[in-house]
Amino acid sequence: MSAIEAIISDFGGVLTSPLQESFVDLMQDSGVTLEALGKAMATIAERQGSNPLFELETGRISEGAFFKAIEEELSASHGSPVALDGFGARYFQRLEPNDRMIEYMRELRGRGYKMAICTNNIREWETQWRAMLPVDEIFDVVVDSAFVGSRKPESRIYQITLERLSAAPGEALFVDDVEVNCDGARELGMTAIRFRSTEQAIEEIETALRRDRGDPA
């Protein structure tokens, strides 16, 4: 088994406060339920043959085109206009950096590990999310789905990340708050840890690194 040399972290929900909480609060403020949003995206996907969120996160459609389609679908189903103006800015106002996890990532870099972020994101949001943490101080590599045309859990986005790190799958530990994304990493041979809380994730990462070094548990 190869020694772990690289740490790959998700951005939202790992290096930030939980995404779902911010998203639910924002949708409630917009007067749209998660159920209604889900139905709107499903209707668009059926009509167009692809999930609009996946298209957005792989850079195949713009943020503007995505929200225009969602607004039109929601307005039609509600029978009255629905506006999602400034959604991105309002969303980021609700997100907070996970300072403890960010500092832990800095510590891992100081211990000599290669560091990467692998994120499903939106092209137009790059400046906003990067401003939330010292990306270039900590991470050697950033792989953003909207710029590489592949999203987790597709194998290609993990492969791109590994290639840019010059690391083999067995040399990488991956952290994400979504289980299916962890499954995608495991399928390639990476060690993967599902983030549920900061302390839990740090403890499981340290356990994996000790095990990798052959240290006593």
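Let me start with a definition: Ala, Val, Leu, Ile, Met, Phe, Trp, Tyr, Cys and Pro count as nonpolar, Asp, Glu, Lys and Arg as charged, and the others, Gly among them, as polar. Keep that in mind for the pocket. One more thing up front: this is a predicted model.

So, the pocket. The largest one has a volume of about 980 Å³. It is lined by 38 residues. Closest to its centre are Leu19, Leu53, Glu57, Tyr91 and Asn120. Now use the definition. The lining divides into 23 nonpolar, 7 polar and 8 charged residues.

Which elements give two or more residues to that lining? There are helices H1 (19-29), H2 (34-48), H3 (52-57), H4 (63-78), H5 (87-94) and H11 (179-188). H1 gives the largest share, with 4 residues.

Next, salt bridges. How many does the structure hold? The count is 19. I'll take three pairs and one network.

Pair one is Asp140 with Arg109. Their closest N and O atoms are 2.9 Å apart. This pair links distant parts of the chain. Asp140 sits in the loop between helix H8 (135-138) and strand E3 (141-144). Arg109 is in helix H6, residues 99-110. The two are 31 residues apart. Asp140 is partly exposed, at 44% relative accessible area. Arg109 is also partly exposed, at 30%.

Pair two is Glu206 with Arg111. Here the closest N and O atoms are 3.0 Å apart. Glu206 lies in helix H12, residues 198-213, and Arg111 in the loop between H6 and strand E2 (114-119), so this bridge ties together parts that are 95 residues apart in sequence. Is Glu206 buried or exposed? Buried means under 20% relative accessible area. Glu206 has 16%, so Glu206 counts as buried. Its partner Arg111 is partly exposed, at 35%.

Pair three is Glu126 with Arg130. The N to O distance is 3.4 Å. Both residues are in helix H7, residues 126-130. They are separated by about one helical turn because they are 4 residues apart in that helix. Glu126 is partly exposed, with a relative accessible area of 28%. Arg130 counts as partly exposed too, at 27%.

Last, the network. Which residues are linked in it? Glu179, Asp183, Arg186 and Arg194 are joined by salt bridges.

To recap: a pocket of about 980 Å³, and 19 salt bridges in the structure. Thanks, everyone.

Conventions:
Residues are numbered from 1 along each chain as its sequence is written. This is a predicted model: local features need pLDDT of at least 70, side-chain atom pairs count only at pLDDT 80 or more; totals for chains, interfaces and linings use all residues. Side-chain values use heavy atoms; hydrogens and water are left out. On a 1 Å grid over the protein atoms alone, a cavity is a set of points where a 1.4 Å probe fits but cannot get out, and a pocket is an open set with protein on both sides within 12 Å along at least five of seven lines; lining residues have an atom within 4 Å of a point. Grid points are joined across faces, edges and corners, and a volume is the space filled by probe spheres set on the points. A salt bridge is a side-chain nitrogen of Lys or Arg within 4 Å of a carboxyl oxygen of Asp or Glu. Buried means under 20% relative accessible area, exposed over 50%, partly exposed in between (1.4 Å probe, protein chains only).
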